[in-house]
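Hi,

Here is the structure I promised to pass on to you. Have a look at it first, and then read on for what turned up in it.

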Amino acid sequence: MYKQKPIIIAGPCSISSKKEIDNTIKNIYQEIDYFRCGIWKARTNINDFKGIGKTGLSWLSESQKKYKTPIAIEVGTPKHVEQALQNNITIFWIGARTTVNPFYVQEICNSIRGVDVEIWIKNPIHADVNLWIGAIERFKRIGIKKLKAVHRGFFSLEEKKYRNPPMWDLIKPIQKKFPNLKIICDPSHIGGEKSLLQSISQKAINFGLDGLMIETHSYPKNALSDSKQQVNCSEFKNLIKNLNF
Ligand code: PEP
Ligand code: MN
């Protein structure tokens, strides 16, 4: 028996137009607790799409109001935070490539001190749980009460099946250290391929995690980032419907 209804977060990896936000959120807002949408993307390859940038903030702000659904974005710098706050976006996730660096994490902490924001901390890209714990503690230390951890799997050279193998046991130290912290699983970045999402999501629920973040796009084939791992709106709804809580 599930202790509580899981927290459901969904939305595109990134968007390149206002239409992509609208076409996605209007179809799923009734099924979700939060809408996610990347507008600044930390890309490994300099030639890849780096996100729509601050242009997207006013679009998100409009959708947040229209659909009465809280919207979260990734922030990597204090400048991102400042621009987001100017557009009434107050839920931020810290990406796997940011959690690895305590300097970045601390700079973001300094930029939100005293501001009423919600923060989700993704695990660092490599399997160092202490860096994850360290980042969570930095946000706790500045008094952030609305905190969540996001498990998005870890980089591995050996792994073939998953983009970022889940290494479920690495969540245990987080559960132990922060018993009241909600932990969300991000099966999209673990799987890297949409056919794996159902089984990873079910495992996360069975493991006792508190929610799911599913990358969902109105038309994944057109997505400029993480196209293969995103589901469309009806696939998203089916995925949730077929979970066993
Ligand atoms: C994302 O959520 O789109 C993302 C880039 O995630 P991560 O930082 O986990 O790679
Ligand atoms: Mn992504």
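Right after helix α9 comes Gly208, whose phi is positive, near 90°. This is a predicted model, so please read everything here in that light. The helix itself, residues 197–206, has Leu197, Ile200, Ser201, Gln202, Ala204 and Ile205 as its buried residues. Among the elements that cover them are β7 (182–185), α8 (187–191), β8 (211–215) and α10 (233–241).

Next, the nonpolar cores. The largest has 64 residues, and Ile73, Phe92, Ile119 and Phe139 touch the most other members. Helix α6 (residues 129–141) gives this core its largest share, six residues. A second, separate core has ten residues, including Ile9, Tyr34, Ile91 and Val150. If you want one residue to start from, try Phe139: among the residues it touches are Ile94, Val105, Ile119 and Leu147.

There are also twelve salt bridges. In one of them, Lys122 pairs with Asp186, with the closest N and O atoms 2.7 Å apart. Lys122 sits in strand β5 (residues 118–122) and Asp186 in the loop between β7 and α8, so the pair ties together parts 64 residues apart in sequence. Both Lys122 and Asp186 are buried.

Glu235 and Lys194 also meet in a salt bridge, at 2.7 Å from N to O. This pair links helix α10 with the loop between α8 and α9, 41 residues apart. Here Glu235 counts as partly exposed, at 28% relative accessibility, and so does Lys194, at 34%. Finally, Lys18, Asp22 and Glu62 are linked in a network of salt bridges.

Happy exploring!

Conventions: Residues numbered from 1 in each chain as written. Chains lettered and ligands numbered in written order. Predicted model: local features only at pLDDT ≥ 70, side-chain atom pairs only at ≥ 80, totals over all residues. Heavy atoms only, no water. Core = buried A, V, L, I, M, F, W, Y, C linked by side-chain atoms within 4.5 Å. Buried < 20%, exposed > 50% of the residue type's maximum accessible area, 1.4 Å probe, protein only. Helix = DSSP H or I, 4+ residues; strand = E, 2+ residues; numbered from the N terminus. Contact = heavy atoms within 4.5 Å. Salt bridge = Lys/Arg side-chain N within 4 Å of Asp/Glu carboxyl O. Lists of a residue's contacts leave out its neighbours within four places in sequence.
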